[in-house]
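Subject: The structure we spoke about, with notes

Dear colleague,

Here is the structure I promised to pass on to you. Please keep it open while you read, since the notes below follow it from one part to the next.

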Amino acid sequence: MTGADVAAVEELERALFPLDAWPLQMFEDELAQPETRSYFVAVDALDRVIAYAGLMCIEPIADVQTIAVVPEREGQGIGTQLLTLLIDEAGRRKAKDVLLEVRADNPRAQRLYRWFGFEQIHIRPRYYRDGADALIMRLELDRWTGAPGADAGQAGQAPPAQQAGTALQTDPVQQTDETEDAR
């Protein structure tokens with residue numbers, strides 16, 4: 001993600017998470033901290049932002065700040081690829097654990113995270129503005145062996161219950177499968 005992407009990302013953020021949307025300035029502030037932040041976008045063939053994800057890493061902990069995909073592109077493996085990218089980035093930055101928060105009422109996102117090996121370690125009651133709880137989940141990176149299904153030629157695909165039968169494009173920056181907020 002670059003400064004040129006921020007307006008499109010913020011517009012998508014408002015559409016996907018109207019109650020909890022980050023303001024434009026927050027994305028700009030995050031991008032201004034490259035020593036501890038990594039943000040990515042996925043774009044379609046027309047160069048439209050269709051997904052984005054962000055990671056904060058302050059050794060030894062990395063935290064998935066956000067991950068989101070437009071609804072019409074869910075189930076295509078884009079979120080899976082973005083999550084893999086964030087986890088690999090956390091390892092590159094020498095994190096020991098990756099943490100994230102996910103809505104307790106978002107079983108699809110929870111299923112994706114569990115598929116990746118995340119385990120619930122805590123609950124934050126009424127974390128979201130609408131009163132929903134957040135589940136705090138952790139992935140211990142010393143147990144990370146790569147994207148689920150990678151050894152079976154399925155890297156980047158969604159968990160079996162989420163596969164949409166759509167062929168993935170070859171550019172990993174153009175793919176996602178979840179409309180979720182990991183905040």
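A residue is called buried when its relative accessible area is under 20%, and partly exposed when the value lies between that and 50%. Arg103, with a relative accessible area of 16%, is therefore counted as buried. Please bear in mind throughout that this is a predicted model.

**The sheet**

Six strands make up an open sheet, and reading across it you meet them in the order β1-β2-β3-β4-β6-β5, with mixed pairing. β1 and β5 are the edge strands, each of which pairs on one side only, and from one strand to the next the twist averages 25 degrees.

At the β1 edge, β1 and β2 run antiparallel and are joined by 7 bridges, with Val41 standing opposite Tyr52 in β2. These two strands form a hairpin with 5 residues between them, and in its turn Asp47 has a positive phi of about 65 degrees. The next pair, β2 and β3, is also antiparallel, this time over 8 bridges, and Met56 has Asp63 in β3 as its bridge partner. β2 and β3 form a hairpin as well, with 2 residues between them. At the β5 edge, β5 and β6 run antiparallel with 5 bridges joining them, and the bridge partner of Ile123 is Leu135 in β6.

**The helices on the sheet**

α1 packs on the sheet, where it touches β1, β2 and β3, and its direction makes about 95 degrees with that of β2. α4 also packs on the sheet, but there the strands touched are β3, β4, β5 and β6, and the direction of α4 makes about 165 degrees with that of β4.

Which residues of α4 are buried? They are Ala109, Gln110, Leu112 and Tyr113. Seen down the axis of α4, these buried residues fall within an arc of 160 degrees, so they line one face of the helix. They pack against β3, α3, β4 and β6. Just after α4 comes Gly117, which takes a positive phi of about 105 degrees.

**The nonpolar core**

In soluble globular proteins, nonpolar side chains tend to be buried together. In this model the largest nonpolar core has 45 residues, and those with the most contacts inside it are Tyr52, Leu83, Tyr113 and Phe118. Many elements contribute: α1, β1, β2, β3, α3, β4, α4 and β6 each supply at least two residues. The largest share, 7 residues, comes from β2, a strand that is mostly covered, with 8 of its 10 residues buried. To see the packing around one core residue, you might centre the view on Leu83, which touches Val64, Ile67, Leu112, Tyr113, Phe116 and Phe118, leaving aside residues up to four places away in sequence.

**The salt bridges**

How many salt bridges does a search of the whole structure find? It finds 13, and three of the pairs are worth following by eye.

The side chains of Asp20 and Arg103 meet in a salt bridge at 3.7 Å, taken from N to O. This pair links distant parts of the chain, with Asp20 in the loop between α1 and α2 and Arg103 in strand β4, 83 residues apart. Both Asp20 and Arg103 are buried.

Arg103 also meets Asp105 in a salt bridge, where the N to O distance is 2.8 Å. Here the two partners differ in how far they are covered, because Arg103 has a relative accessible area of 16% and is buried, while Asp105 has 49% and is partly exposed. Asp20, Arg103, Asp105 and Asp130 are linked in a network of salt bridges.

The third pair is Glu101 with Arg124, whose closest N and O atoms are 2.3 Å apart. It again links distant parts of the chain, with Glu101 in strand β4 and Arg124 in strand β5, 23 residues apart. Glu101 is buried, with a relative accessible area of 9%, whereas Arg124 is partly exposed at 32%.

With best wishes

Conventions
Residues numbered from 1 in each chain as written. Predicted model: local features only at pLDDT ≥ 70, side-chain atom pairs only at ≥ 80, totals over all residues. Heavy atoms only, no water. Salt bridge = Lys/Arg side-chain N within 4 Å of Asp/Glu carboxyl O. Helix = DSSP H or I, 4+ residues; strand = E, 2+ residues; numbered from the N terminus. Buried < 20%, exposed > 50% of the residue type's maximum accessible area, 1.4 Å probe, protein only. Core = buried A, V, L, I, M, F, W, Y, C linked by side-chain atoms within 4.5 Å. Contact = heavy atoms within 4.5 Å. Pairing = 2+ DSSP bridges. Axes fitted to C-alpha atoms, helices over the stretch in contact; angles between N-to-C directions. Arc of directions from axis to C-beta.
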